[in-house]
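Got your viewer open and a hand on the mouse? Let's walk through this model one selection at a time.

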Amino acid sequence: MIYYQSILKLASEKKKGLAILIDPDKFDVSEAAAFLKRIPKETTHLFVGGSTVVAQLTEGTVKALKALSNLPVILFPGDYTQITNRADAVLFLSLLSGRNPEYLVGQQVKSVAQLRISKLEIIPTAYILIDGGHESAVARVSQTKPLSQDDLETVIHTALAGQYMGAKLIYLEAGSGAKFSVQPMLIRAVKRVLNIPLIVGGGIRSDIQKQAAFDAGADMVVMGTVFEE
Ligand SMILES: CC(C)=CCC/C(C)=C/CC/C(C)=C/CC/C(C)=C/COP(=O)(O)OP(=O)(O)O
Ligand SMILES: O=P(O)(O)OC[C@@H](O)CO
Ligand SMILES: [Mg+2]
């Protein structure tokens, strides 16, 4: 688990991870070099995925990124069809905030035929959708409701259930382009009970918001929309 170990190492050294999310649907492969110059120097990981991605686009995107960058490329799939062996690892997501069996376990079963013959590192990740102020693509595609930012207890219990089930990462997601990102108070409360790394994303557009998430205890922040053109 070398990619997971590197995230654990960041967390244990109180260094912070910054993942830039690249959505293959919105990515121009011919602009990949310029894109990689534009993203922050402190970027530690490239995530690739989207709620809705046209088949085959992920592979070309990952190929272009791997040719131009030494950063680890980690799949963040909205669907099992987004898996490509060209990446380094995959966040093996289960959408624990929702009650749609397809996104709790159905997609995961569908992915096995490909994953079992690939060398991708598989990182079990409890994915928790939090209300970001308007209906997110994740909510729409998964047909699930997000958890309220005010329902601290349910968010904490959901994250801990993920940890107890063996997740190696917890991902608090306000949804791509969220109006409100996950509030620092909520990040702090969740981080306090966990003993695995915490990833936070959705609606983080500024250095100030990113720093607030880090200060509250996020081990890694994901930024996507703000770097899309
Ligand atoms: C583990 C495997 C094989 C699949 C996971 C399938 C699950 C459980 C997905 C969770 C629900 C979901 C639809 C997640 C999407 C995650 C993601 C890549 C979000 C970023 O995309 P957006 O930016 O929200 O979407 P747009 O494409 O609309 O921009
Ligand atoms: O696009 P943004 O709002 O930065 O969100 C990133 C990521 O958490 C979405 O899945
Ligand atoms: Mg997006």
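What follows is a tour that goes from the overall fold to the ligands and then to single residues. Keep in mind that this is a predicted model.

**Stop 1: the barrel**

Switch to a cartoon view and colour the strands. You should find a closed barrel of 8 strands, running S1-S2-S3-S4-S5-S6-S7-S8 with parallel pairing. As you step from one strand to the next, the twist averages 30°.

Now select S1, residues 17–22. Which strands does S1 pair with? On one side there is S2, joined to S1 in the parallel sense over 4 bridges. Zoom in and you can pick out Ile 20 in this pair, with Leu 46 in S2 as its bridge partner. Strand S8 (residues 220–223) also pairs with S1, in the parallel sense and over 4 bridges. Here Gly 17 stands opposite Met 220, and Leu 18 stands opposite Val 221.

Is S1 enclosed or not? Count its buried residues: 5 of the 6 are buried, so S1 is largely enclosed by the rest of the structure.

Before leaving the barrel, show helix H4 (101–115). H4 lies across S4 and strand S5 (121–129), and runs at about 155° to S4.

**Stop 2: ligand 1**

Select ligand 1 and show what surrounds it. There are 26 residues around this ligand, and the nearest are Gly 49, Gly 50, Gly 78, Ala 137 and Ser 176. Which elements give two or more residues to this shell? They are strand S4 (89–95), helix H4 and helix H5 (137–142). Colour the shell by residue type and you get 11 nonpolar, 12 polar and 3 charged residues.

**Stop 3: ligand 2**

Hop over to ligand 2, which is surrounded by 14 residues. The closest are Ser 176, Gly 201, Val 222, Gly 224 and Thr 225. By type, the shell around ligand 2 divides into 6 nonpolar, 7 polar and 1 charged.

**Stop 4: two annotated positions**

Next, select Asp 23 and Ser 51. An unreviewed UniProt entry gives both of them the feature "binding site". They span 29 residues in sequence, yet their C-alpha atoms are no more than 8.7 Å apart, so they gather at one spot.

Start with Asp 23, in the loop between S1 and helix H2 (32–38). Is Asp 23 buried or exposed? It is buried, with 23 other C-beta atoms within 10 Å. Looking past residues up to four places away in sequence, you will see Asp 23 touching Gly 50, Gly 224 and Glu 228.

Ser 51 sits in the loop between strand S2 (45–48) and helix H3 (57–68). With 18 other C-beta atoms within 10 Å, Ser 51 is partly exposed. Setting aside neighbours within four places in sequence, Ser 51 is in contact with Gly 78, Ala 137, Val 138 and Val 141.

**Stop 5: a longer annotation**

The unreviewed UniProt entry also uses "binding site" for a longer list, including Tyr 171, Ser 176, Gly 224 and Thr 225. Let's look at two of these.

Tyr 171 is in strand S6 (residues 169–173). Tyr 171 is buried, with 25 other C-beta atoms within 10 Å. Not counting residues up to four places away in sequence, Tyr 171 touches Thr 125, Ala 126, Tyr 127, Ile 128 and Ile 199.

Then click on Ser 176, in the loop between S6 and helix H7 (184–193). You have met this residue before: Ser 176 is among the nearest residues to ligand 1 and among the closest to ligand 2. Why does Ser 176 count as buried? It has 20 C-beta neighbours inside 10 Å, and the cut-off for buried is 20 or more. Leaving aside neighbours within four places in sequence, Ser 176 is in contact with Ser 136, Ala 137, Gly 202, Gly 224 and Thr 225.

**Last stop: Thr 144**

Finally, select Thr 144, in the loop between H5 and helix H6 (152–164). Thr 144 has 19 C-beta neighbours inside 10 Å and counts as partly exposed. Add Asn 100 to your selection: Thr 144 and Asn 100 are 44 residues apart in sequence, but 6.6 Å apart in space, C-alpha to C-alpha. Among the other residues Thr 144 touches, beyond those up to four places away in sequence, are Leu 95, Tyr 103, Leu 129 and Ala 139.

Note on methods: Residues are numbered from 1 along each chain as its sequence is written. Chains are lettered from A and ligands numbered from 1 in the order in which they are written. This is a predicted model: local features need pLDDT of at least 70, side-chain atom pairs count only at pLDDT 80 or more; totals for chains, interfaces and linings use all residues. A residue is near a molecule or strand if its C-beta atom, placed from the backbone, lies within 6 Å of it. Ala, Val, Leu, Ile, Met, Phe, Trp, Tyr, Cys and Pro count as nonpolar, Asp, Glu, Lys and Arg as charged, and the others, Gly among them, as polar. UniProt positions are given in the numbering used here, feature names are shortened, and annotations may be inferred rather than shown by experiment. A residue is buried if 20 or more other C-beta atoms lie within 10 Å of its own, exposed if 12 or fewer, and partly exposed in between; C-beta atoms are placed from the backbone. Two residues are in contact if their C-beta atoms, placed from the backbone, lie within 7 Å. Two strands pair if DSSP finds at least two bridges between them. Axes are lines fitted to C-alpha atoms, for helices over the stretch in contact, and angles run from 0 to 180 degrees between N-to-C directions.
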